[in-house]
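Let's walk through this one together, one question at a time. Have a look first, then read on.

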Amino acid sequence: MTQKVYDSYFFNEAAFNTHDEAYIPLEPANVAPQPLNIPPLLQPDKSTDTDTYYTVEAQEGETQFLPGAKTKTWGYNAPYLGQTIVFENGKNVHIDLKNSVPELTTFHWHGLNVSGPIIDGGCHAPVYPGETSHIDFKVDQPAATLWLHAHPCPATAEQVWKGLAGMVLVKDDVEAKLPFPRNYGVDDIPVILQDRKFHENNQLDYRADYDPDGAQGPTAVINGTINPYFDVTTQRVRLRLLDGANRREWRLHLTDDLPFAQIATDGGILPKPVYLNRLMMTAAERAEIIIDFSDYKEGDTVTLYSDDAPLINFRIHSFEPEDRKLPDHLVDIPNPDVTPGTHVHQAVMSGMDEEVELNGKKFDMQRIDDKQQVGNVEYWDVTNTNEMDGGMLHPYHMHGTLFTVVSRNGHEPNPNEFGLKDTIAVNPGETVRLKVQFQMTGVYMYHCHIIEHEDGGMMAQIEAYDPNHPQTYKLMDMDTLMNAFAKERHENVQDVWLPGMDSYKKMGMKM
Ligand SMILES: [Cu+2]
């Protein structure tokens with residue numbers, strides 16, 4: 001390979017999660033190697049040339065993670081995680097959102113360009129147990145790897161921990177013409193990176209593992225598989241990586257420091273492939289990489305690691321040699337000028353543990369924190385005020401937009417940040433400048449994606465408005481949600497425990 005190969009994780013080592021006092025290293029699980037689970041593709045209920053109809057059901061299930069007892073889990077059309085949903089750009093999509101888990105949930109389309117606050121599926125759009133909501137939208141964005149996850153405040157962390165997360169792919173004609181592997185499950189592989197702790201009788205116990213800086217577990221669980229291997233039968237394999245963990249950072253590298261090409265980030269394909277042998281992912285980020293196994297032969301194994309923990313063993317089988325090269329240029333990323341006369345928005349993430357805040361406040365679902373005119377392109381400065389010594393990275397996510405990264409503390413972004421993104425890791429002491437455009441009116445949340453931080457209030461919301469068509473929104477309130485959780489759990493409302501509550505309580509604040 002003659003291209004420049006970056007061998008850096010780019011982020012400040014002093015702030016890596018390995019330095020947290022509460023850091024839980026990954027440990028090998030006592031499980032025989034198992035084939036990597038490939039979530040099936042969700043079949044539409046009905047499909048025409050222009051419209052596709054789906055039912056997405058949040059359901060309870062049981063999963064055989066470990067020998068012995070099965071683990072009680074939740075998932076979307078699956079016992080754990082979800083069936084993979086594929087949207088085609090330009091199509092009208094109609095989805096029944098069915099809640100068959102025993103408490104209220106929401107269906108958040110992370111990275112999908114849909115209107116908020118209802119279709120987007122944040123905290124304002126609960127679906128109660130036994131009920132079905134319906135959403136309609138038109139897919140209007142480039143090919144990308146997105147995801148669906150539960151987002152009921154302040155219980156997002158617990159529901160994702162139980163399994164309510166799945167992969168969503170957008171396909172389009174531009175991606176279809178590029179020389180990428182795209183045979184799902186054969187050379188185009190979803191890779192959902194998570195960690196869990198298994199307690200007595202192999203069960204999850206979220207409350208026992210709760211940490212206001214993010215739940216962790218010592219066992220890597222990849223697509224719901226522990227100690228997975230994947231049988232490589234093609235020279236090139238594309239991995240669609242998703243950090244689906246509540247908190248864990250993944251510092252990915254391969255056997256022999258084998259370089260790979262990153263071809264896409266959160267919001268779609270990068271302008272050009274970026275060659276790396278190190279890749280760091282923070283919570284909710286996605287990266288698509290292509291690994292070329294041409295230097296390996298049948299019988300070899302190439303391992304994907306995070307730090308020193310093996311995640312997936314790629315078992316090399318015989319494959320047809322190919323010499324398709326990635327072009328130097330992949331796609332054009334629109335880079336519109338900032339709308340004249342607009343101000344720079346601020347999103348300041350401060351604190352750790354229960355003290356996390358955004359712009360000096362904890363989240364209030366009844367409060368609109370900022371406004372931006374729909375269609376405008378405006379700068380956002382996203383700051384992490386943690387100290388480098390003892391501070392942590394906060395992955396900042398915005399609903400309702402795919403942004404571009406302008407600078408990090410005034411310097412050029414990392415080489416793999418020149419595509420459209422919806423989640424960006426911010427170093428302690430750093431300000432990342434973004435260009436943000438909302439294409440649809442609505443109310444959208446923005447927050448740290450360490451899920452316990454968002455539940456704990458490191459979150460705010462913005463109204464994207466059209467001055468010619470003012471709208472009012474009926475926003476959800478915490479009392480309604482708490483009363484619903486109490487009823488569903490057959491508890492008194494004052495006894496209900498949800499992950500974010502401790503953070504408000506400790507700060508003497510009302511949720
Ligand atoms: Cu955070």
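Q: What share of the 511 residues in the protein is buried?
A: A residue is called buried if 20 or more other C-beta atoms lie within 10 Å of its own, exposed if 12 or fewer, and partly exposed in between, with C-beta atoms placed from the backbone. By that count, the buried share of the 511 residues is 48%.

Q: What kind of model is this, and how are residues numbered?
A: It's a predicted model, where local features need pLDDT of at least 70, side-chain atom pairs count only at pLDDT 80 or more, and totals for chains, interfaces and linings use all residues. As for the numbering, residues along each chain are counted as its sequence is written, starting from 1.

Q: How many helices and strands does the protein have?
A: Helices (H or I, at least four residues) and strands (E, at least two) are DSSP runs, numbered from the N terminus. Going by those runs, the protein has 6 helices and 32 strands.

Q: What is the radius of gyration of the protein, and what does the globule rule give?
A: The radius is taken over C-alpha atoms, and the rule is 2.2 Å times the number of residues to the power 0.38. The two values are close, so the protein is as compact as a globular protein of its length. For 511 residues the rule gives 24 Å, and the protein's own radius of gyration is 22 Å.

Q: Which residues have the most contacts inside the largest nonpolar core?
A: A nonpolar core is a set of buried Ala, Val, Leu, Ile, Met, Phe, Trp, Tyr and Cys residues joined through C-beta atoms within 7 Å. In soluble globular proteins, nonpolar side chains tend to be buried together. The largest core here has 121 residues, and the ones with the most contacts inside it are Val168, Ile263 and Ile289.

Q: Which residues does Ile263 touch, not counting residues up to four places away in sequence?
A: Two residues are in contact if their C-beta atoms, placed from the backbone, lie within 7 Å. With that cut-off, Ile263 touches Phe180, Ile269, Leu270, Pro273, Glu288, Ile289, Ile290 and Leu330.

Q: Is Glu158 buried or exposed?
A: Glu158 sits in helix H1, residues 156–162. Beyond four places in sequence, Glu158 is in contact with Tyr206 and Pro499. Because it has 27 C-beta neighbours inside 10 Å, Glu158 counts as buried.

Q: How far apart in space are Tyr9 and Leu279?
A: Tyr9 lies in the segment before E1 and is partly exposed, with 18 other C-beta atoms within 10 Å. Setting aside neighbours within four places in sequence, Tyr9 is in contact with Arg251, Arg278 and Met280. Although Tyr9 and Leu279 are 270 residues apart in sequence, their C-alpha atoms are separated by 5.7 Å.

Q: Which side chains of strand E14 point to the buried face?
A: In a regular strand the side chains alternate between the two faces of the sheet. Strand E14 (residues 228–232) does this, with Tyr229 and Asp231 pointing to the face that is not buried. On the other face, the buried ones are Pro228, Phe230 and Val232.

Q: Which residue in E22 is the bridge partner of Val232?
A: Strands pair if DSSP finds at least two bridges between them. E14 runs parallel to strand E1 (residues 34–35), joined by 2 bridges, and pairs in the parallel sense with strand E22 (residues 309–316) over 4 bridges. In E22, the residue bridged to Val232 is Ile316.

Q: Which strands stand at the edges of the sheet E6-E11-E10-E8?
A: This is an open sheet of 4 strands with mixed pairing. Each edge strand has a single partner strand, so one side of each is left without a neighbour in the sheet. The edge strands are E6 (85–88) and E8 (108–110).

Q: Which residue in E11 stands opposite Glu88?
A: E6 and strand E11 (residues 165–171) pair in the parallel sense over 4 bridges. Opposite Glu88, in E11, stands Lys171.

Q: Which residue in E32 stands opposite Gln373?
A: An open sheet of 5 strands has the order E25-E32-E31-E27-E29. Within that sheet, E25 and strand E32 (residues 459–465) are parallel partners over 4 bridges. Opposite Gln373, in E32, stands Tyr465.
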